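Biologist: I am new to this structure and would love a close look at one part of it. Could you choose a single residue, show me its surroundings, and then place it in the whole chain?

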Amino acid sequence: MVDSPRNRKKQPDVVRQALLDCATKLALEHGLAAVSLQAVASAAGVTKGGLFHHFPNKQALIEAVFDGMMENLDREIDQELERDKGGHGTFTRAYVRTLFADRALNKSPWSAQTMTVLADPYSKSLWHKWMNDRLIKHAETDAGMRLEIVRLAADGAWLAHVLRPDNQATPDDTALLQELIELTKG
C-alpha cells in the first residue's frame with residue numbers, strides 16, 4: 001500500500017486515504033468485525049500510532065469510511081439523475097437504478113454500508129439525514145406514497161440480496177428493476 005515508514009515522505013492525505021481504503025476493503029471482504037485498528041494499520045503499511053494520528057479510535061475510522069461511502073453514493077445517484085429525462089419520480093429512479101447496478105455487479109460497497117447502518121447509531125443517523133435531505137431536495141418530483149413504496153421495495157430487495165447466502169439463486173433482478181422503474185412513472 002504505502003511505502004515503509006522509514007523511506008516515505010510525510011504525506012498525511014495519502015496515508016489517511018490508504019487507511020480508509022484498507023478499512024473499506026476489510027469491511028467489504030470480511031465484515032465490519034474484521035475492521036480492527038491493527039488489521040487496518042498493517043494492511044496500509046503504517047504503525048498503529050500512525051493510524052491514531054489520523055483516527056483517534058475505531059469509531060472515528062468507521063465513521064470516516066461510512067462518510068466516504070455516502071459521498072460515493074451521492075456521486076452515483078447524481079450520475080443517474082443526469083441520465084434521467086426528469087419529471088415525476090426522477091430521484092426514486094436514480095436511487096433504484098444505483099442499488100440495482102451494484103447488485104448486478106454482485107460486489108458492492110453498499111453491502112458493508114447496509115450492515116453498518118443496521119448496527120451503528122452514527123451511520124443510521126447519517127443515512128436518515130441523507131435520505132431526508134435528498135427527499136426535500138427532490139420534493140417536487142418525488143413526493144407521494146407510491147414513490148415511497150418503490151424506494152422501500154428497493155431497500156427490501158437490497159437487504160434480501162445482502163442477506164442471501166452466496167450460493168443461493170437470485171431472483172430475476174432485471175424484471176424486478178423494470179417493474180420498480182415502471183412504478184415511478186406518473
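Modeller: Happy to! Let us begin with a word we will need: a residue is called buried when its relative accessible area is under 20%, and exposed when that value is over 50%. By that rule, buried residues make up 39% of the 186 residues in the chain. Please keep in mind that this is a predicted model. Its pLDDT averages 84 over the chain, and 84% of the residues score at least 70.

The part I would like to show you is D84. You will find D84 in the loop between α4 (58-83) and α5 (90-105). Is D84 buried or exposed? Its relative accessibility is 14%, so D84 counts as buried. Setting aside residues up to four places away in sequence, D84 touches T90, R93 and R97.

Two of these neighbours also meet D84 through polar contacts. The side chain of R97 makes one with the side chain of D84, at 3.3 Å. The side chain of R93 makes another with the side chain of D84, at 2.8 Å.

R93 deserves a look of its own. This residue sits in helix α5, and because its relative accessibility is 6%, R93 counts as buried too. Besides D84, the side chain of R93 has a polar contact with the side chain of T184, at 3.2 Å. Leaving out neighbours within four places in sequence, the residues in contact with R93 are D84, G86, G87, H88, I181, T184 and K185.

From here we can follow α5 into the nonpolar interior. The largest nonpolar core has 22 residues, and those touching the most other members are I77, F91, Y95, V96, F100, W127 and W130. Helices α4, α5, α7 (121-137), α9 (145-163) and α10 (173-183) each supply at least two residues of this core. Which helix gives the largest share of this core? That is α5, with 6 residues. F100 is a good residue to click on next: beyond its neighbours within four places in sequence, F100 is in contact with A154, A157, D173, L176, L177 and L180. Apart from this core lies another one, made of 21 residues, including C22, V35, L37 and L51.

That brings us to another stretch of the chain. An unreviewed UniProt entry lists residues 36-55 as "DNA-binding region". In the model, residues 36-55 are 75% helix and 0% strand, with the end C-alpha atoms 12 Å apart. H54 belongs to a pair worth finding: its C-alpha atom and that of D13 are separated by 9.3 Å, although the two residues are 41 apart along the chain. D13 is in helix α1 (residues 12-30), and with a relative accessible area of 65%, D13 is exposed.

Now step back to the whole chain. There are 10 helices and 0 strands. Among contacts with a separation of 6 or more, 72% are between residues 24 or more positions apart. The chain exposes about 10,800 Å², of which carbon and sulfur atoms supply 54%. As you explore, note that confidence is lowest in helix α6 (residues 110-119), with a mean of 67, and highest in helix α8 (residues 139-142), at 96.

Conventions: Residues are numbered from 1 along each chain as its sequence is written. This is a predicted model: local features need pLDDT of at least 70, side-chain atom pairs count only at pLDDT 80 or more; totals for chains, interfaces and linings use all residues. Side-chain values use heavy atoms; hydrogens and water are left out. Helices (H or I, at least four residues) and strands (E, at least two) are DSSP runs, numbered from the N terminus. Buried means under 20% relative accessible area, exposed over 50%, partly exposed in between (1.4 Å probe, protein chains only). A polar contact is a pair of N or O atoms within 3.5 Å; within protein, one must be able to donate a hydrogen and the other to accept it, and residues adjacent in sequence count only if both atoms are side-chain atoms. Contact means heavy atoms within 4.5 Å. Accessible areas come from the Shrake-Rupley method with a 1.4 Å probe; for residues, only the protein chains shown count as cover. A nonpolar core is a set of buried Ala, Val, Leu, Ile, Met, Phe, Trp, Tyr and Cys residues joined through side-chain atoms within 4.5 Å. UniProt positions are given in the numbering used here, feature names are shortened, and annotations may be inferred rather than shown by experiment. pLDDT is the predictor's confidence in each residue, from 0 to 100.
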